[in-house]
Amino acid sequence: MKITLGSLATLSLAAGQCAFPDQRNIECATIISNDHSYYDQPYCVHTPDSTLPSGHKILCVVTTGVGEGGRSQFTASTVSLDLGATWSNLTHIEPVGPPEASWAMPVLTPTGRVYAFYDYNSENVTMLPGTNETVRADMLGHFMFKYTDDWGETWSDERYEVPMPVTSCDQKNQWQQAGQDVMVGWGVGKPTIFKDGSVTLGFTKICTYFLSDDEAIFFRSSNLLEVEDPADAVWDTLPFYDNDEGHGSGVGQDGMRAFGPNLVNEEGNLLPMSDENHMLNFWRTIDGFMGFGSTTDGGKTWHDGQFARMSTSSDGKTGGRVIKQPRGPITPRKFDNGKFVFTYYTYSQYGPNGFGDRNPMWVTGGVEQKNDDGTFTVDWSEPEILLYSTHAETGGDRIGYPDFIEIEGRYWITQTQKEVAGISEIDPAIFEGLWSPPTTVATDGLVVDAVVASVDDMSIDFENNLPNMSEGGGFTMCAWVDVNEGGLGMGEILLDTREEGSDNVNASGVWLGFHPDEDNRFGIGMSNGTASFEYFGNVDCGGGHVGDVGLTHLCAIADGLGGQGLVYFTVNGEMCDGGDESNGGQPKGFEHLFGSVEGDVNGRSEDGIRVGDLRNGKVKSVRVWDRALRTNEATGGYRAGL
């Protein structure tokens, strides 16, 4: 069937339903496809088309079927001609399995041809050698690709193979050990097109089935974009070492090996700098932190792998606090303006499973800086919530494997929580705040801006009309505190909207203060009069310490998240991420309310906001907003100074 704008509208699916409109809520997203029970990796390409009112057409590929890893798993494509508002029915790239076809990744050529690369269980392998065990087979077989010359109306009958040299990693997998020509692995990193016209795709090789002991490689083709016959494409494998002493590879290894006791280097994604010989690579581990490696020779060799930090350089150096990440997808992208973002989860999860919490999805941004020695450094911003689900308490919404679409200064993000593929437009202000964090106090929604100069200022006028979090509203409270020797004591209150003298633990209102049994653990509490919620951060907060002597800027952000609610903190310009777990820290620096406090949490006091009289310090100023500030708006108050 010929796909036209008119027919597309009749094939489109209804937009998602959400109680409170929010671009970040995946329930508000436009549905790309939900015909099947499983969806993954909605990766897209787009191109101008002057015949369309929108001026552009988008093609997305997905992996779908009945349940992740099911025998029916197959790859397909869908098209939008109106900037993601409506989508065509799925067109099969491969038929419904078996054999399984999985993890499609698209590449757009200058001629308009689109290639789709994917795992294909070519030999229809189902059994683990030497056993009677039927295994999940969507990572078995070979790395194949097809193409479309008519924007996804049809795909080539013939499939082509990306040649994959056998490495010592492959030689350890159970099938190779049994003499079978079977590779184990999968591709996730979206293909990168370089200025010289070459294309690079990331791939994870599994050395021991299943998801144990793996390594990263990259396939690079110098001529894929220009060949008429795909069989003429030339492929090289990176890293490429001239001897057995490659950096970060381990003796005798051909791939990019993991480091430390847990040999997991999965789903690598490249970020090329303006000099594209310099690249950063980020991958997932099972250590609770993001993996990082870098190259200065186009990927031929790599500096030793390590955990990613808030500053990463192409010479392998890192700085700042370590970046927390479960065994979940990391999606870095470089936009047309040369600036970067990547999505992750700011949450540590350890162990062989380690998949952890993927709700919400956060995003950080960075701008490259060229160093005197010709290398490049990217300093990453404090993260913002980019996507969330209102079903956080079930653990069922594992938001991930997104792609970004950039068209004429507008941004969209695709995503899946494994059951539905969706697309949402992104407020550009989120990205601008990542790339150029504000240095002034946010004025939108500012309802209290008070200096506490004397005892007469310890009661601040406030109408107690904070938005209802259970209806998607939010609020932010910040204070400058001058901390003396001895730090901020346990049980002390900074700000309080509850009625003075109330002995009711559920007295209506909001308070900021410190843990009743531990010094310097900043926290927030709130109550609607019948139910209450408390959450405390860690002393080691975002790389600093809450009770350090001197001026300290403390913020609590309460974000309604479509009625589910979430709170987190910033201290002295950094998001509190839970701190160093080896020193009593926490896996994460945020907490969901899960709707535990319904209705408003406004105080009933005529005193407005009461300022606490601290033993070892003094509150210097107070600000309150009747909305949840973005992280970089809150930290802008710190950069603005007292």
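A cavity here is a set of points on a 1 Å grid over the protein atoms alone where a 1.4 Å probe fits but cannot get out. By this rule, the count comes to 5 cavities of 30 Å³ or more. The model is predicted. The points below cover the largest cavity, two cis peptide bonds, two residues with positive phi, and one exposed proline.

**Cavities**
- The largest cavity has a volume of about 60 Å³.
- Its lining includes the run R321, V322, I323 and K324, together with M310, Y344, T346, P383, M575 and D577.
- By class, 6 of the lining residues are nonpolar, 1 is polar and 3 are charged.
- Since Asp, Lys and Arg count as charged, the charged members of the lining are R321, K324 and D577.
- T346 is the polar one, because Thr falls in neither the nonpolar nor the charged class.

**Cis peptide bonds**
- Most peptide bonds are trans.
- P98 and P99 are joined by a cis peptide bond with omega of about 0°.
- P99 sits in the loop between β5 (91-92) and β6, and β6 covers residues 101-108.
- A cis bond also runs from Y209 to F210, where omega is near 10°.
- F210 is placed in the loop between β12 (199-208) and β13 (212-221).

**Positive phi outside glycine**
- Most residues other than glycine have a negative phi.
- E267 is not a glycine, yet its phi is positive, at about 60°.
- E267 belongs to strand β16, which spans residues 266-272.
- With a relative accessible area of 4%, E267 is buried, because the cut-off for that class is under 20%.
- N464, another residue that is not a glycine, has a positive phi near 50°.
- N464 lies in the loop between β31 (459-460) and β32 (475-483).
- The relative accessibility of N464 is 11%, so N464 counts as buried under the 20% cut-off.

**P110 and its loop**
- P110 is found in the loop between β6 (101-108) and β7 (114-120).
- P110 counts as exposed because its relative accessibility, 70%, is over 50%.
- Along the chain, P110 and T47 are 63 residues apart, and their C-alpha atoms are separated by 9.5 Å.

Terms used. Residues are numbered from 1 along each chain as its sequence is written. This is a predicted model: local features need pLDDT of at least 70, side-chain atom pairs count only at pLDDT 80 or more; totals for chains, interfaces and linings use all residues. Side-chain values use heavy atoms; hydrogens and water are left out. On a 1 Å grid over the protein atoms alone, a cavity is a set of points where a 1.4 Å probe fits but cannot get out, and a pocket is an open set with protein on both sides within 12 Å along at least five of seven lines; lining residues have an atom within 4 Å of a point. Grid points are joined across faces, edges and corners, and a volume is the space filled by probe spheres set on the points. Helices (H or I, at least four residues) and strands (E, at least two) are DSSP runs, numbered from the N terminus. Buried means under 20% relative accessible area, exposed over 50%, partly exposed in between (1.4 Å probe, protein chains only).
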